[in-house]
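The exercises below are meant to be worked with the sequence and the model side by side. Please try each task before reading its solution.

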Amino acid sequence: MPTQAKAGKIDELTDKLGRASIAILVQTQGLSVKDMNELRKKMRDAKVEFQIAKNTLLRIAAERNSMTGVDNKIFNGQTAVAFGYEDEVATAKAVADYISTSKVAVLKSAILGGRSLTADQVEGISKIKGGKDQSKAEVVGTLQGPLASTYGLFTAPLRDLCYVLQARAEQQNSGATAE
């Protein structure tokens, strides 16, 4: 049975995991206080909430959020969590950028949509250009192109018929005024 303080922490983590679009787990063991403060500042600037969490409490919070696709093996070692509430790509970029410059911090894993991701998958997400909105726009553009062409193909005969009827009407009007 968890203590009152741990129960409060579990509730807090459960709420954050439930609201977050992505939670990225980072191992920060060995970071100096200066480096940790720099990391926290970079995360704040990127609108990412960053905190140290106990693995057991984080695992319980994931279970309470019915995240059955999360592999419990990701909850080992010292863990810091970056909670991204808006854009998964921006959060992954912020964390991956810091990890690439740090010699000590290590990207462990992430939780996205109730499933765990590997470090490689998180790095892949961070390399998506333009972020989440850009990706959505590209998908819409990809779908819109063929649909617009299909619409044009279906409406062309009707449009052409209207032009022929209009030309015929004008021809008859000009013929009637000439007589």
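A residue counts as buried under 20% relative accessible area, as exposed over 50%, and as partly exposed in between, with a 1.4 Å probe and protein chains only. The model is predicted, and local features need pLDDT of at least 70, side-chain atom pairs count only at pLDDT 80 or more, while totals for chains, interfaces and linings use all residues. Residues are numbered from 1 along each chain as its sequence is written, and side-chain values use heavy atoms, with hydrogens and water left out.

**Exercise 1. Describe the overall make-up and extent of the protein chain.**

Step 1. Helices (H or I, at least four residues) and strands (E, at least two) are DSSP runs numbered from the N terminus, and the protein chain has 6 helices and 5 strands. Read from the N terminus, these elements follow the order α-β-α-β-α-β-α-β-β-α-α.

Step 2. The radius of gyration is taken over C-alpha atoms, and the globule rule is 2.2 Å times the number of residues to the power 0.38. For the 179 residues of the protein chain this rule gives 16 Å, whereas the radius of gyration is 28 Å, well over that value, so the chain is more spread out than a compact globule. Along the principal axes, the C-alpha atoms fill a box of roughly 100 × 35 × 25 Å.

Step 3. Of the 179 residues, 34% count as buried. With contact meaning heavy atoms within 4.5 Å, residues 24 or more positions apart account for 79% of the contacts that have a separation of 6 or more.

**Exercise 2. Work out the strand order of the sheet and what packs on it.**

Step 1. Two strands pair if DSSP finds at least two bridges between them. The 5 strands form an open sheet in the order 2-3-1-4-5, with antiparallel pairing. Its edges are strand 2 (48-53) and strand 5 (115-118), each of which pairs on one side only.

Step 2. Axes are lines fitted to C-alpha atoms, for helices over the stretch in contact, and angles run from 0 to 180 degrees between N-to-C directions. From one strand to the next, the twist averages 25 degrees. Helix 3 (residues 55-64) packs on the sheet, where it touches strand 1 (22-27), strand 2, strand 3 and strand 4 (106-112), and its direction makes about 35 degrees with that of strand 3.

Step 3. At one edge, strand 2 runs antiparallel to strand 3 (residues 79-84) and is joined to it by 6 bridges, with isoleucine 52 standing opposite alanine 80. At the other edge, 4 bridges pair strand 4 with strand 5 in the antiparallel sense, and here isoleucine 111 stands opposite serine 116.

**Exercise 3. Find which residues lie at the centre of the nonpolar contacts.**

Step 1. A nonpolar core is a set of buried Ala, Val, Leu, Ile, Met, Phe, Trp, Tyr and Cys residues joined through side-chain atoms within 4.5 Å. The largest such core has 24 residues, of which Ile24, Met43, Val95 and Leu107 touch the most other members.

Step 2. The largest share of this core, 6 residues, comes from helix 4. Apart from it lies another core, of 18 residues, including Ala20, Ala53, Leu58 and Ile74.

Step 3. Not counting residues up to four places away in sequence, the partners that isoleucine 24 touches include Ala80, Val95, Leu107 and Val122.

**Exercise 4. Decide whether two residues of helix 1 are buried or exposed, and name what lies beside them.**

Step 1. Isoleucine 10 lies in helix 1 and is buried, with a relative accessible area of 0%. Its C-alpha atom is separated by 5.5 Å from that of leucine 57, which is 47 residues apart from it along the chain.

Step 2. Threonine 14 belongs to helix 1 (residues 4-19) as well. Threonine 14 is buried because its relative accessible area is 14%, and, leaving aside residues up to four places away in sequence, it touches Ala61, Arg64 and Asn65.

**Exercise 5. Locate the residues with a positive phi.**

Step 1. Most residues other than glycine have a negative phi. Lysine 47 nevertheless has a positive phi, near 60 degrees, in the loop between helix 2 and strand 2, and it is exposed, with a relative accessible area of 66%.

Step 2. Serine 66, not a glycine either, has a positive phi of about 55 degrees. Serine 66 sits in the loop between helix 3 and strand 3 and is exposed because its relative accessible area is 57%.

Step 3. Glycine 113 has a positive phi of about 60 degrees, in the turn of the hairpin that strand 4 and strand 5 form with 2 residues between them.
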